[in-house]
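Please find below a short note on the model under review. It is set out as numbered points.

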Amino acid sequence: MADAHTHSIDFFIGSNSGHGPVTYFDYFYHPDDMHTVYLIKGGPGGGKSTLMKRLAQKAENKGLTAEKIHCPSDPSSLDALYIREKGLSLADATHPHVLEPKC
């Protein structure tokens with residue numbers, strides 16, 4: 001829960017179901033959006049989620065809103081981060097939620 005000095009929104013953009021994963025991760029960004037998206041790719045344990053958590057904490061410390069998208073299979077891990085005031089997004093673009101640059 002965010003305190004008076006942090007602005008945090010935590011949510012899931014997908015879920016696991018009896019029929020397999022259900023996700024809206026493909027809608028995370030569009031080329032027409034007026035913000036910057038960094039797609040982070042790398043193997044397990046490479047620091048993708050840790051990087052996003054640290055950036056979220058820095059943003060919150062500056063009074064910005066950090067919208068954190070948690071992994072449905074590991075809620076302690078982040079799949080994406082959006083800092084609205086900066087127009088900045090980061091996303092884990094590796095399997096199972098592969099994202100590729102859109103032109």
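The points below move from the whole chain to one strand and then to two residues.

1. Overall composition. The model is predicted. The protein chain holds one helix and seven strands, and their order along the sequence is β-β-β-β-α-β-β-β.

2. Burial and surface. The protein chain has 103 residues, of which 37% count as buried. About 6700 Å² of the protein chain is exposed, and 56% of that area comes from carbon and sulfur atoms.

3. Contacts across the sequence. Among contacts in the protein chain with a separation of 6 or more, 62% are between residues 24 or more positions apart.

4. Strand β5 and its cover. How many of the six residues of β5 are buried? Six of the six are, and the strand is described accordingly as mostly covered. The cover extends to both faces: T65, E67 and I69 are buried on one side, and A66, K68 and H70 are buried on the other. The reader may wish to note that E67 and K68 are included in this buried set.

5. Partners of β5. Strand β1, residues 7-12, runs parallel to β5 and is joined to it by six bridges; within this pairing, I9 stands opposite E67. Strand β6 runs antiparallel to β5, with five bridges between them. In that second pairing, I69 has A80 of β6 as its bridge partner.

6. Residue H70. This residue belongs to β5, which spans residues 65-70. Is H70 buried or exposed? Its relative accessible area is 15%, so H70 counts as buried, the limit being under 20%. A polar atom of the H70 side chain lies 2.7 Å from the backbone oxygen of P75. When neighbours within four places in sequence are left aside, the contacts of H70 are D10, F11, F12, P75, S77, L78 and D79. P75 therefore appears both in this list and as the residue whose backbone oxygen lies 2.7 Å from the H70 side chain, while H70 itself is buried at 15%.

7. Residue S73. The loop between β5 and β6 contains S73, and β6 itself covers residues 78-83. S73 has a relative accessible area of 58% and is therefore exposed, the threshold being over 50%. In sequence, S73 and G14 are 59 residues apart, and their C-alpha atoms are 9.5 Å apart in space.

8. The two residues side by side. H70 is buried, at 15% relative accessible area, whereas S73 is exposed, at 58%. H70 lies in strand β5, and S73 lies in the loop between β5 and β6.

Note on methods. Residues are numbered from 1 along each chain as its sequence is written. This is a predicted model: local features need pLDDT of at least 70, side-chain atom pairs count only at pLDDT 80 or more; totals for chains, interfaces and linings use all residues. Side-chain values use heavy atoms; hydrogens and water are left out. Helices (H or I, at least four residues) and strands (E, at least two) are DSSP runs, numbered from the N terminus. Buried means under 20% relative accessible area, exposed over 50%, partly exposed in between (1.4 Å probe, protein chains only). A polar contact is a pair of N or O atoms within 3.5 Å; within protein, one must be able to donate a hydrogen and the other to accept it, and residues adjacent in sequence count only if both atoms are side-chain atoms. Contact means heavy atoms within 4.5 Å. Accessible areas come from the Shrake-Rupley method with a 1.4 Å probe; for residues, only the protein chains shown count as cover. Two strands pair if DSSP finds at least two bridges between them.
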